[in-house]
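Trainee: Could you walk me through reading a small model, one feature at a time?

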Amino acid sequence: MFMVRDPVCFMEVDENTTEYKAEYNGKTYYFCSERCMDLFKLNPSKYSSRFDFKIDENPCSRCNLCRW
Ligand SMILES: [Zn+2]
């Protein structure tokens, strides 16, 4: 299993099970929810540039955006 990072909320996402993904600049991004995916699609350059940090640096394990 390989966990990837939701670039919108930084939650960990399993790329094999999530249905929410988007391609941008030849790279595939995965999301925890439709809401995060939609936010990414609205402004992909903003979120993709936030994406380059290591997977263990974020203590948060929950999507703050989707908890509404
Ligand atoms: Zn999310």
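Mentor: Sure, we'll go from the overall layout to the details. Keep in mind that this is a predicted model.

Trainee: Let's start with the layout, then. Which order do the elements of the chain run in from the N terminus?

Mentor: The chain has two helices and four strands, and the order is β-β-β-β-α-α. Of the 68 residues in the chain, 26% are buried. If you take contacts between residues at least 6 apart in sequence, 49% of them join residues at least 24 apart.

Trainee: On to strand pairing. In which sense do S3 and S4 pair, parallel or antiparallel?

Mentor: Look at the bridges. Strand S3, residues 20-24, and strand S4, residues 27-31, pair in the antiparallel sense, with five bridges between them. You can follow the register through the partners: Tyr20 is bridged to Phe31 in S4, and Ala22 has Tyr29 as its bridge partner there.

Trainee: And the turn of that hairpin?

Mentor: Two residues sit between the strands, and Asn25 has a positive phi near 55°. The general idea is that most residues other than glycine have a negative phi. So Asn25 is one to stop at, since its phi is positive and it is a residue other than glycine.

Trainee: Is Asn25 buried or exposed?

Mentor: Asn25 is exposed, because 8 other C-beta atoms lie within 10 Å, and 12 or fewer is the cut-off for that class.

Trainee: Where else should I look for a positive phi?

Mentor: Try Phe10, with a phi near 70°. Phe10 is placed in the loop between strand S1 (3-5) and strand S2 (12-14).

Trainee: Why does Phe10 count as buried?

Mentor: Count the neighbours again: Phe10 has 22 C-beta neighbours inside 10 Å, so it counts as buried. The threshold for that is 20 or more.

Trainee: What about a residue between those two classes? Ala22 in strand S3, say.

Mentor: Ala22 counts as partly exposed because it has 18 C-beta neighbours inside 10 Å. Leaving out residues up to four places away in sequence, Ala22 touches Tyr29, Met37, Phe40 and Lys41. You can also check a distance: Ala22 and Pro44 are 22 residues apart in sequence, with their C-alpha atoms 9.2 Å apart.

Trainee: Now a helix. How do I read its sides?

Mentor: An α-helix has 3.6 residues a turn, so residues three or four places apart point the same way. Now take helix H1, residues 34-42, where Cys36, Met37 and Phe40 are buried. These residues cover an arc of only 100° around the axis, which puts them on the same side of H1.

Trainee: Which residues are exposed on the other side of H1?

Mentor: There you find Glu34 and Leu42, both exposed.

Trainee: And what covers the buried residues of H1?

Mentor: The cover includes S3, S4 and helix H2 (44-48). That links back to Ala22 in strand S3, whose contacts include Met37 and Phe40, both among the buried residues of H1.

Notes:
Residues are numbered from 1 along each chain as its sequence is written. This is a predicted model: local features need pLDDT of at least 70, side-chain atom pairs count only at pLDDT 80 or more; totals for chains, interfaces and linings use all residues. Two residues are in contact if their C-beta atoms, placed from the backbone, lie within 7 Å. Two strands pair if DSSP finds at least two bridges between them. The arc is that of the directions from the helix axis to the C-beta atoms.
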